[in-house]
Every structure is written in C-alpha cells, then in structure tokens.
Amino acid sequence: MEQASGKIHIKAYRFDPANPDQAGFQSYTVPTAEPLSVMALMAEIHALDETFACRTSTCFKGQCGSCLVRVNGRDALGCVTMVQPGETVTLEPHSKYRVVRDLVVDFSQPQEG
Ligand code: FES
C-alpha cells in the first residue's frame with residue numbers, strides 16, 4: 001500500500017468567462033495528514049488562491065446537490081467524496097451544466113446533449 005505523503009495534489013479546471021481561450025488546468029498542492037472531502041479540498045484551494053471559484057456554503061450532507069463537481073472524470077457530490085493524502089485528483093465542473101467560472105456551474109442551465 002502506498003505511503004501517505006501528507007499532501008494531496010490537485011489539477012483544477014480554470015475558466016474565466018472574460019478570457020475563455022485561456023481555459024485549462026492549474027496545479028495545486030494541499031498539505032494534509034487526514035483524508036479530505038472534495039468540498040474541503042476546494043475550500044483549501046480557495047484559501048491558497050482567492051481567484052479560484054467554487055461553491056462551499058451548502059448542506060455538507062449529500063442532500064442539496066449544490067456541491068456537484070466532476071472528480072477524476074466522474075460527476076460526484078463533493079461533500080461526500082473523499083480524497084486520501086498521497087492522491088492526485090482532477091477537479092472539473094459538473095458535466096451537465098453550463099460553466100460560470102472555474103468549478104462553478106449554473107444549475108438553471110443544463111447542457112444540451
Ligand atoms: S453540500 Fe449538499 S449535497 Fe453536498
């Protein structure tokens with residue numbers, strides 16, 4: 001079994017509607033000895049980089065759905081999806097909704113198809 005490194009490495013999708021041609025991934029590293037939920041991880045990234053946009057004020061119980069994001073290529077609830085120290089995780093906006101900025105989507109505007 002892989003030894004926990006005390007860090008989680010993140011590749012986070014960045015999208016600024018003012019500069020859509022510059023959309024892409026940005027790398028972050030969050031130090032932690034404990035597993036973190038994706039929601040907690042996003043809050044840590046925002047603490048490192050205030051320009052990183054994500055939703056954090058929600059139910060944290062897997063009930064409201066406002067934490068929906070895409071984790072390692074799969075749509076998931078960020079508040080109940082855990083990431084272990086030593087892992088590398090890719091975070092993207094949920095695939096079913098229009099992206100507003102970074103990982104924030106507009107739940108009133110489902111994507112076509
Ligand atoms: S915060 Fe409500 S479902 Fe995740």
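Select His9 and Thr88 first: Thr88, in β7, is the bridge partner of His9. Now pick Lys11, whose bridge partner in β7 is Thr90. Colour the whole of β1 (7–14) and β7 (88–93), and you will see two strands that pair in the parallel sense over four bridges. Strands here are DSSP runs of E with at least two residues, helices are runs of H or I with at least four, and both are numbered from the N terminus. Two strands count as paired if DSSP finds at least two bridges between them.

A word on what you are viewing: this is a predicted model, in which local features need pLDDT of at least 70 and side-chain atom pairs count only at pLDDT 80 or more, while totals for chains, interfaces and linings use all residues. Residues are numbered from 1 along each chain as its sequence is written, and side-chain values use heavy atoms, with hydrogens and water left out.

**Stop 1: the sheet**

Next, show five strands together: they form an open sheet in the order β2-β1-β7-β4-β5, with mixed pairing. Which strands are the edge strands? They are β2 and β5, each of which pairs on one side only. From one strand to the next, the twist averages 35 degrees. Axes for such angles are lines fitted to C-alpha atoms (for helices, over the stretch in contact), and angles run from 0 to 180 degrees between N-to-C directions.

Now select β4 (residues 68–71), which runs antiparallel to β7 and is joined to that strand by three bridges. Four bridges join β4 to β5, and this pair is antiparallel too. Zoom in on the hairpin that β4 and β5 form, with two residues between them. In its turn sits Asn72, with a positive phi of about 50 degrees.

**Stop 2: Arg70 and its partners**

Stay in this area and click on Arg70. Its bridge partner in β7 is Glu92, and in β5 it is Asp75. The side chains of Arg70 and Asp75 also meet in a salt bridge (3.0 Å, N to O). A salt bridge here is a side-chain nitrogen of Lys or Arg within 4 Å of a carboxyl oxygen of Asp or Glu.

Are these two residues buried or partly exposed? Arg70 is partly exposed at 24% relative accessibility, and Asp75 is partly exposed at 28%. The cut-offs are under 20% relative accessible area for buried and over 50% for exposed, with partly exposed in between (1.4 Å probe, protein chains only).

Add Lys96 to your selection, because its side chain meets that of Asp75 in a salt bridge (4.0 Å, N to O). Lys96 lies in the loop between β7 and β8 and Asp75 in β5 (residues 74–77), so the pair ties together parts that are 21 residues apart in sequence.

**Stop 3: more salt bridges**

How many salt bridges are there by this rule? The count is six. One of them is between the side chains of Arg101 and Asp16 (3.3 Å, N to O). Arg101 is in strand β8 (residues 97–101) and Asp16 in the loop between β1 and β2 (24–31), 85 residues apart. Both are partly exposed: Arg101 at 32% and Asp16 at 24%. Then select Arg14, Asp49 and Asp102, which a network of salt bridges links.

**Stop 4: the helix and the core**

Show α1 (38–48). This helix packs on the sheet, touching β1, β2, β4 and β7, and its direction makes about 100 degrees with that of β2. Val38, Met39, Leu41, Met42 and Ile45 are the buried residues of α1. They lie on the same side of α1, because they cover an arc of only 160 degrees around the axis, taken from the directions from the helix axis to the C-beta atoms.

Finally, look at the largest nonpolar core, which has 22 residues. Such a core is a set of buried Ala, Val, Leu, Ile, Met, Phe, Trp, Tyr and Cys residues joined through side-chain atoms within 4.5 Å. Ile10, Leu41, Met42, Phe52, Val89 and Leu91 touch the most other members. The largest share, five residues, comes from α1.

End on Phe52: leaving aside neighbours within four places in sequence, its contacts (heavy atoms within 4.5 Å) include Ala12, Tyr28, Met42, Ile45 and Leu103.
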